[in-house]
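Trainee: I am new to this one. Please take a single part and walk me through it closely.

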Amino acid sequence: MSATTNVCVVIPAAGMGERLGENKPKAFVNINNYSLLTLAIKQVLKNKRVGHIIVAIPKDFESEALAEIDRAMRDENKKIPVDIVEGGETRTDSVKNALLALDQLDEFVLVHDAARPFVPTSVFENVINELDKGAKAVIPVISVSDTIKEITENNKIKKTLDRSTLRAVQTPQGFAREVLSEIYSRSDLQPATDDAGLAELAGIEVSTVEGSVESFKITTQFDLENAINFFNKKEGKDGK
Ligand code: C5P
């Protein structure tokens, strides 16, 4: 397929970040003066196929969000249409609200957490390539390094899972637009802990592509400290 800008990226950024404890919504927490939202959008803008972005933000954060989006566009020297919508109670509600702003030209939709500020361009490409090949739902995954066990209600071990068949799931999760709209419109499929979970419940085959350790999600203070270290190292390497 040609390099048409037929990809829309939906960014749920309306979480309050309670586990991070920074007294502001997580997407607006800074790493060396860049908000997580700005960093995430900068990575999105590096991909030529992205022609539209929809960001779900917390109530009353519109002007801050606009400033962060503007900064990302200036930094990346790019200008594409961005819609801002108010998020909901849960991530699912936020994505649902965002999908109302989809455009006819958005053939593929990637749902991508603002809380993952360093996703490499290659991961976006992996997801989009798979959609180009006809996949209806695609998720980036990485192998797990810990052994994972299932437990009982009393916190006793029920069984040890076969690590070779387990994967940790990341974002951006990619979908043919009509598939994503359909699974989010069906109340019988919820709740699911990620977007692809809804596709699974609907019986849609979900493909996997290579994710990256750099796509880690920021949830706790420890993650934030790691992110600051990672950012500093990366900046040093890039000679900035
Ligand atoms: O809380 P968690 O890290 O799982 O959230 C993942 C992403 O979903 C974050 O970018 C967060 O801002 C977003 N989110 C949202 N609306 C909510 C809850 C989370 O957009 N109500």
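Which residue in β4 does P12 stand opposite?

Mentor: P12 stands opposite A56 in β4. Keep in mind that this is a predicted model. Now take the strand β1, residues 7–12. All 6 of its 6 residues are buried, so β1 is largely enclosed by the rest of the structure. Look at its two faces. On one side, V7, V9 and I11 are buried. On the other side, C8, V10 and P12 are buried as well. Both faces are therefore covered, which fits a strand that is largely enclosed by the rest of the structure.

Next, the partners. Strand β4 covers residues 50–57 and runs parallel to β1, with 6 bridges joining them. Strand β6, residues 108–111, is also parallel to β1, and 4 bridges join these two. Here V7 stands opposite F108 in β6.

Now the packing. In soluble globular proteins, nonpolar side chains tend to be buried together. In this model, the largest nonpolar core has 32 residues. I11 of β1 is among those with the most contacts inside this core, and so are L37, I41, I53, V55 and L110. β1, α1, β4, α2, β6 and α4 each supply at least two residues of the core. The largest share, 5 residues, comes from α4.

Follow I53 for a moment. Leaving aside neighbours within four places in sequence, its contacts include V9 and I11, along with I41, V44 and L45. I80, P81, V82 and D83 are also in contact with I53.

One last stop. A second, separate core has 26 residues. A56, the residue opposite P12, is included in that second core, as are L180, Y184 and L198.

Notes:
Residues numbered from 1 in each chain as written. Predicted model: local features only at pLDDT ≥ 70, side-chain atom pairs only at ≥ 80, totals over all residues. Heavy atoms only, no water. Buried < 20%, exposed > 50% of the residue type's maximum accessible area, 1.4 Å probe, protein only. Pairing = 2+ DSSP bridges. Core = buried A, V, L, I, M, F, W, Y, C linked by side-chain atoms within 4.5 Å. Contact = heavy atoms within 4.5 Å.
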